[in-house]
Amino acid sequence: MFDDIAANLTRIRARIEAAAAAAGRPPGAAQLVAVSKTNPVEAVEAALAAGQRVFGENRVQEAAAKFPQLRAAHPDLRLHIIGPLQTNKARDAVRLADVIETLDRPKLALALAEAMQKEGRRPDLLIQVNTGAEPQKAGILPDEADAFITLCRATHALPILGLMCIPPAAEDPAPHFDLLAQIAARHGLKTLSMGMSGDFEIAIRHGATHVRVGSAIFGARG
Ligand SMILES: *Cc1c(COP(=O)(O)O)cnc(C)c1O
């Protein structure tokens, strides 16, 4: 059942490197975050056996159930939280994650700053931008992003590494990737988490440093 995972990883890694080379970017310019949400621990173990070390989960509770045991066996594992984060889960997220990609509002910035103080742990943070200004989608609106980035860094001294986005499903993602890159450049932010199974090559062409790929590795989610 998990036999395909190693082969899928090999194929995705080759496509990532080919896309980087085609864009004139160096090898390793884009890192693969394997999105293991809804998949069992055995699927993550198959990916670990194939050398994958960076994983993404969108729910804190699911990450807490799966990852502590895996981390004990693989101390170099890196866990990214990529789903909407409630303020009452901020402390659990800070305890668990190496990267939290979904900081998107002032209340959460404050909650994360307090959680980092209490836990004595400072995961890297990315700010999620709702590039399509979709009402149902998480993320700070593009025209509020500059002020929010400044608030996170200047007021809360949070470790902001970069930005993340999920373009609208029915649109050409390229303008959204460009918008994210432009906002990041204005603030000297180097990390761009953008691109999923269906569009990661386009994202790499537009400067992605991290692509979040789930179904193309683990199969369609049930
Ligand atoms: C599920 C998810 C992904 C992966 O999506 P696929 O299309 O399965 O590759 C990437 N990013 C986020 C935020 C997700 O929730």
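**View 1. The span from residue 8 to residue 221 in this predicted model.** The C-alpha atoms at the two ends of residues 8-221 lie 15 Å apart. Helix accounts for 45% of the span and strand for 16%. UniProt, in an unreviewed entry, places the feature "domain: Alanine racemase N-terminal" at these residues.

**View 2. Helix H5, residues 106-119.** Let's check the length of this helix. With 14 residues at 1.5 Å a residue, H5 should span 20 Å, and its end C-alpha atoms are indeed 20 Å apart, so the two values agree. Just after H5 comes Gly120, which has a positive phi, near 60 degrees.

**View 3. The buried side of the story for H5.** Which residues of H5 are buried? They are Leu108, Ala109, Ala111, Leu112, Ala113, Ala115 and Met116. These buried residues pack against helix H4 (90-96) and strand E4 (99-103), and also against E5 and H6.

**View 4. Ala133, in the loop between strand E5 (124-128) and helix H6 (142-155).** Here is a backbone detail to look for. Most residues other than glycine have a negative phi. Ala133 is not a glycine, yet its phi is positive, at about 45 degrees. With a relative accessible area of 45%, Ala133 is partly exposed.

**View 5. Ala157, in the loop between H6 and strand E6 (160-164).** What is the phi of Ala157? The angle is positive, about 50 degrees, although Ala157 is not a glycine. Is Ala157 buried or partly exposed? Its relative accessibility is 47%, so Ala157 counts as partly exposed.

Methods
Residues numbered from 1 in each chain as written. Predicted model: local features only at pLDDT ≥ 70, side-chain atom pairs only at ≥ 80, totals over all residues. Heavy atoms only, no water. UniProt positions renumbered as here; feature names shortened; annotations may be inferred. Helix = DSSP H or I, 4+ residues; strand = E, 2+ residues; numbered from the N terminus. Buried < 20%, exposed > 50% of the residue type's maximum accessible area, 1.4 Å probe, protein only. Expected span 1.5 Å × (residues − 1). Contact = heavy atoms within 4.5 Å.
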